[in-house]
Amino acid sequence: MRAVVVDPDGTVRVEDRADPVLPGPDGAVVEVTATAICGSDLHFLEGHYPMAEPVSVGHEAVGIVREIGADVRGVAVGDRVLVSSVAGCGRCAGCATSDPVRCVSGPQIFGSGVLGGAQAELMAVPAADFQLLRVPDGIDTEAALLLTDNLATGWAAAKRADIPVGGTVAVIGAGSVGQCAVRSALFLGAATVFVVDPVESRRERAALAGATAAPPPAAATVMEATNGLGADAVIDAVGTDTTLDDAIASVRVGGTVSVVGVHDLQPYPFPALMGLLRSLTVRWTTAPVQQTWPELIPLLRAGRLDVSGVFTATLPLADAADGYAAAMSRSAGHIKIQLTP
């Protein structure tokens, strides 16, 4: 099969690899029909994570089940499915909460060097009944891909931000997760959602969904708009030292900062005294992907939550290097890129 790999020097290429085998009696092999580049994939190119050998990347996939183990009951060969980006064993008390991050054996992420990547023609999926979901009627491919990670992450970020109905929210970062967080915050009752990003067209795209566009830093706009009080909640969808500082500076006393941006491996100098004196709540979240599906799917099917316009390009898998170059540019026209094997 063909698979997208990133070399230790940050080179992206498509190489031929052996087809994956069935990962046990509870597993499945899925033929990938659509996958996508996530902002967190770019950390491999930027040197934020150490790599000793090429990594098969990607953790967002929609596809067709081609093989199942004897113990699989939830899906059948030929089913069109979406794959959770985060995997759990599916059998423990943690997975019983539908949150793979709580897996007692430890969660795993596809395309992180342990499980094979989703940017490939085939992928092996352990604990298929837990990781896979038949794509429901009324859910198109783009929405299904977003349900594997970015929409689940944006939704979880908004839910964990303690947004009061009628409140003010700032979303830092207008990439695909930020775009989803804007939509989620508005749905959950925010009256005003500032979207903060250095790229004007990204801010404008979020504004089409109902956000108020603002250049960074967030604190300047938010403090002026709230007479110095700050936002009730701030969602950081970037996760750098700079954006974390900005998020903490933008939130009001007693407010909540919800972080879903992926930080690098360097320690963050958290301003603990400020957090204490201002009674801040700060939450870091890896999305409980499976847990979000019962909430998000009915909203998408009913048209109550609109995620159109998050994807900006579709390329064949063979052109993955071009797709990564576009994503790395973080330019106006490239927010979310789909790859089709």
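## Leu147 and its neighbours

Let's start with one residue, Leu147. Setting aside residues up to four places away in sequence, Leu147 touches Leu82, Ile139, Ala152, Val289, Trp293, Leu296, Ile297 and Leu300. Keep in mind as you explore that this is a predicted model.

## Two nonpolar cores

Where does Leu147 fit in the wider picture? The largest nonpolar core has 28 residues, and Leu147 is one of those that touch the most other members, together with Leu82, Ile139, Leu146, Leu151, Leu300 and Leu305. Strand E3 (28–37), H3, H4 and helix H10 (289–301) each give two or more residues to this core. Which element gives the most? That is H10, with six residues.

There is also a second, separate core, made of 19 residues. Among them are Ile163, Val169, Ala181 and Ile235. In soluble globular proteins, nonpolar side chains tend to be buried together.

## Helix H5, mostly covered

Ala181 leads us to helix H5, where Ala181 is one of the buried residues. How many of the twelve residues of H5 are buried? Ten are, so the helix is mostly covered. The buried ones are Ser176, Val177, Gly178, Gln179, Cys180, Ala181, Val182, Arg183, Ser184 and Ala185. They pack against helix H3 (141–147), helix H4 (150–159), strand E11 (168–172), strand E12 (192–196), helix H6 (200–208) and strand E14 (231–236).

You can check the length of H5 yourself. The helix covers residues 176–187, and at 1.5 Å a residue its twelve residues should span 16 Å. The C-alpha atoms at its ends are 17 Å apart, which agrees with that expectation. After H5 comes Gly189, which has a positive phi, near 115 degrees.

## Buried Thr243, exposed Leu276

Now find Thr243 in helix H8 (residues 241–250). Is Thr243 buried or exposed? Its relative accessibility is 11%, so Thr243 counts as buried, the cut-off for buried being under 20%. Apart from neighbours within four places in sequence, Thr243 is in contact with Ile172, Asp236 and Val238.

Leu276 tells another story. This residue lies in helix H9 (residues 272–277). With a relative accessible area of 60%, Leu276 is exposed, because exposed means over 50%. Which residues make a nonpolar patch on the surface here? Leu276 does so with Leu273 and Leu277, and the patch is about 360 Å².

Technical notes: Residues numbered from 1 in each chain as written. Predicted model: local features only at pLDDT ≥ 70, side-chain atom pairs only at ≥ 80, totals over all residues. Heavy atoms only, no water. Patch = residues over 30% accessible without salt bridge, like charges linked within 9 Å, V, L, I, M, F, W, Y side chains within 5 Å. Areas by Shrake-Rupley, 256 points an atom, 1.4 Å probe, with all protein chains shown as cover. Salt bridge = Lys/Arg side-chain N within 4 Å of Asp/Glu carboxyl O. Helix = DSSP H or I, 4+ residues; strand = E, 2+ residues; numbered from the N terminus. Buried < 20%, exposed > 50% of the residue type's maximum accessible area, 1.4 Å probe, protein only. Expected span 1.5 Å × (residues − 1). Contact = heavy atoms within 4.5 Å. Core = buried A, V, L, I, M, F, W, Y, C linked by side-chain atoms within 4.5 Å.
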